[in-house]
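Visitor: I am new to this structure and should like to understand the terms used for it. Would you show it to me and explain what lies behind them?

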Amino acid sequence: MRTIREDAAAGVGAGVWRAPGRVNVIGEHTDYNDGFVLPIALPHAARATVRARQDGVLSLYSEQGQGPAVELDVRTLTPGGVDGWARYPAAVVWALREAGYPVGGADVHIDSDVPTGAGLSSSAAIECVVAAAFNDLHGLGLDRPELARLAQYAENAFVGVPCGIMDQMASVCARRGAALFLDTRDLSSRHVPFDIESAGLRLLVIDTRMKHDLADGEYAKLRAACARGCGLLGLPSLRDLDPRDLPAALARLPRDLVPLVRHVVSENTRVEQAVALLDAGEPRALGPVLTAGHLSLRDDYGVSCSATDLAVDAAVEAGALGARMTGGGFGGSVLALVDTGTALTVAGAVKRAFRRAGRRIPRIFAASASAGARRIT
Ligand code: ADP
Ligand code: MG
C-alpha cells in the first residue's frame, strides 16, 4: 500500500493543504459586538496531508501532538466525545456532517509551526486546514467565508470555546501583503494594503510565553457585560452606538459598564483610523493608534497583564512607533511596529526587560502579511 505522502504526490484522493495562524493589527473584543477587526495571516501555518478513506475511520496524527494517531468513527462523533488536541480537527468533520455534507473518514497528518496558546490562533489554523482539505477532496464547493463559519461553529459547538469569527476568517481569507478589514456583523471584508516592509517598517510579534486562556470565565463575563450594556441602551449591539452619542450613552450606564462600552466604541473607531491610514499609504502613523489601543485594553477593558504591559512599555521606550497586546488578553502576544533599523534594538530591549524582571525570555519574530488557506499539492 502506498503511503499518504505518495498518494498526495500522485494527487489520487489525497493532497497537502496549509492554513496560517494570525495576528490582529487592531480591533480587540469588537468581534462579539458585531464590530470591525483588522487581522493579517502569519507566515506560520498548519500543513495537513489528507487522504480520504472508505471505512468511516478518521485517523488523526499531529507531529506536535503527544502520542500515536487518534482513531475515531466519523458516524459517532459527538461534542464532548473527543479529548485533547484531536477535538479541533474532529470538530470540523463533525460540523461538515451536521451541515449535511456526506463526508467520510480520512487519514489526516498535521504539522504546524504556529506557536500554540500564544494568541496566534494555532487552533483556527488546524480547523481551517482540515476544512479546506475536506472541501477540496469531496468537491463540496463551500466558499471561503462559508469555510470560516463552519470552522468557527466547530470550535464553538464541538470544542466548546465561544470564539468569534476573526481567527477563521483571517486563516481562510487573508492575502499576502494585505490586512483583512472585516465587518464581523455580515462578514463583508476588504483587503487593505499592508506592505509595511516596503515602507521601511517591521511588525514584531512578541510571544510573552504567558499562556492566555480564554476557557476560564473571564471572556464569557466580558461578553455578558457587553450584552447587558446593549440591553440597557436599547441597541442590537455595541457596534450600533455612534461615537458621537458615546458621552450621553455612558451617562446612562452603571459605573461598571462605562469603561467596557468606551473601549468597544473607541476600538471600532481605531480600526477605521488604521484602515484609513493604510489606504492613504501612511503605515508609520499606525504606531500611536496601536499604543492607544493598548491603553484602552489595559485601563478600560482590563484584559492586559503584567507581561504584556512590560513588553509594550519596553518596546515603546526602546523606540517602537507603537505597541499593543493582541488577542483576547490575560497573556499571549504583543505587537510592536518598528522602523526596520530599530527592530533588533527593540527586540533586545524587550528581552532584557524580561530578564531583569526574572521572567521567561519572550520569543520575538517579524511578521509579514501572508496568504490564507490553500492547497499546496
Ligand atoms: P491559540 O489558538 O491561540 O494557539 P488555543 O487554546 O485556542 O490557542 O488553541 C491551542 C490548542 O490547539 C492546543 O492546545 C492544541 O489542542 C491545538 N493545537 C494547535 N496546534 C496544534 C498542533 N500542531 N498539533 C496538535 N494540536 C494543536
Ligand atoms: Mg485559538
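Guide: The following exchange takes up several terms in turn, and the model shown is a predicted one.

Visitor: Why is Asn135 called buried?

Guide: Buried means under 20% relative accessible area. Asn135 has 7% relative accessibility, so it counts as buried. This residue is found in helix H3, and its side chain reaches the backbone nitrogen of Gly141 at 3.2 Å.

Visitor: What makes Arg363 and Asp207 a salt bridge?

Guide: The term requires a side-chain nitrogen of Lys or Arg within 4 Å of a carboxyl oxygen of Asp or Glu. Between the side chains of Arg363 and Asp207 the N to O distance is 2.7 Å, so the pair meets the definition. Arg363 belongs to strand S12 and Asp207 to strand S9, 156 residues apart.

Visitor: Is each partner buried or partly exposed?

Guide: Asp207 has a relative accessible area of 3% and is therefore buried. Arg363, with 33%, is partly exposed, because that class lies between 20% and 50%.

Visitor: How do you know that Arg324 and Glu267 form a salt bridge?

Guide: Their N to O distance is 3.9 Å, and the limit is 4 Å, so the pair qualifies. Arg324 is buried, with a relative accessible area of 0%, and Glu267 is buried, also with 0%.

Visitor: Why is the largest nonpolar core said to lie between domain 1 and domain 2?

Guide: Domain 1 (2-191) and domain 2 (195-367) both give residues to this core, so it lies between them. The core has 83 residues, and helix H3 gives the most to it, with nine residues.

Definitions and conventions:
Residues numbered from 1 in each chain as written. Chains lettered and ligands numbered in written order. Predicted model: local features only at pLDDT ≥ 70, side-chain atom pairs only at ≥ 80, totals over all residues. Heavy atoms only, no water. Core = buried A, V, L, I, M, F, W, Y, C linked by side-chain atoms within 4.5 Å. Buried < 20%, exposed > 50% of the residue type's maximum accessible area, 1.4 Å probe, protein only. Helix = DSSP H or I, 4+ residues; strand = E, 2+ residues; numbered from the N terminus. Domains from an automatic or database assignment. Polar contact = N/O pair within 3.5 Å; in protein donor to acceptor, adjacent residues only side chain to side chain.
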